[in-house]
Amino acid sequence: MKTAWGDIDLIDAHAHLFSHTFFVALAKGLAAPPAEDELYAVLGQKLPFDFPPREHAELAGRWVEELDRHSIARAVLIASTPGDEDSVAAVVSAHPGRFIPYF
């Protein structure tokens, strides 16, 4: 970003990683939790959401595309559900220069 002080990188300091694991945990709270292979079809009836891929590297790629689209240099990622720190770590390891894990 161009400023009066020169170019400054934008860093998003608080971004929740909505991983596949997050949606599995979310579905467990439903009265009739769907099977994992039906998860997105069932949740998609209630949530207008672009659901994440199961593969962390693919999810990381989606994030990088969005960061680039909005001219954001890096993002601090936070797990969106307890126990999903492995998803954050996997995304960060796929693009270590773009993400900062926060646990």
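Which residues is Leu59 in contact with, leaving aside its neighbours within four places in sequence? Contact here means heavy atoms within 4.5 Å, and by that rule Leu59 touches Leu17, Ser19, Pro52, Pro53 and Val91 once those sequence neighbours are set aside.

The structure is a predicted model, in which local features need pLDDT of at least 70 and side-chain atom pairs count only at pLDDT 80 or more, while totals for chains, interfaces and linings use all residues. Residues are numbered from 1 along each chain as its sequence is written, and side-chain values use heavy atoms, with hydrogens and water left out.

Leu59 is found in helix H3, where helices (H or I, at least four residues) and strands (E, at least two) are DSSP runs numbered from the N terminus. Leu59 counts as buried because its relative accessibility is 4%; buried means under 20% relative accessible area, exposed over 50% and partly exposed in between, with a 1.4 Å probe and protein chains only. Between Leu59 and Ala15 the C-alpha to C-alpha distance is 14 Å, and the two are 44 residues apart in sequence.

The largest nonpolar core (buried Ala, Val, Leu, Ile, Met, Phe, Trp, Tyr and Cys residues joined through side-chain atoms within 4.5 Å) has 15 residues, and those with the most contacts inside it are Leu17, Trp63, Leu77, Val88, Val91 and Phe99. At least two residues of this core are supplied by each of strand E3 (11-17), helix H3 (56-69), strand E4 (74-79) and helix H4 (85-94), with H3 giving the largest share, five residues. Apart from this core lies another, of six residues, including Phe22, Ala27, Leu43 and Phe51.

A salt bridge is a side-chain nitrogen of Lys or Arg within 4 Å of a carboxyl oxygen of Asp or Glu, and by this rule the count comes to five. Three of these pairs, among them Arg54 with Glu36, are set out below.

| Pair | Closest N to O |
|---|---|
| Arg54 and Glu36 | 3.4 Å |
| Arg62 and Asp50 | 3.6 Å |
| Arg98 and Asp68 | 2.9 Å |

Arg54 lies in the loop between helix H2 (39-44) and H3, and Glu36 in the loop between helix H1 (20-27) and H2, so this pair ties together parts that are 18 residues apart in sequence. Arg54 is partly exposed, with a relative accessible area of 47%, and Glu36 is likewise partly exposed, at 39%. For the pair of Arg62 and Asp50, Arg62 counts as partly exposed at 30% relative accessibility, whereas Asp50 counts as exposed at 58%.
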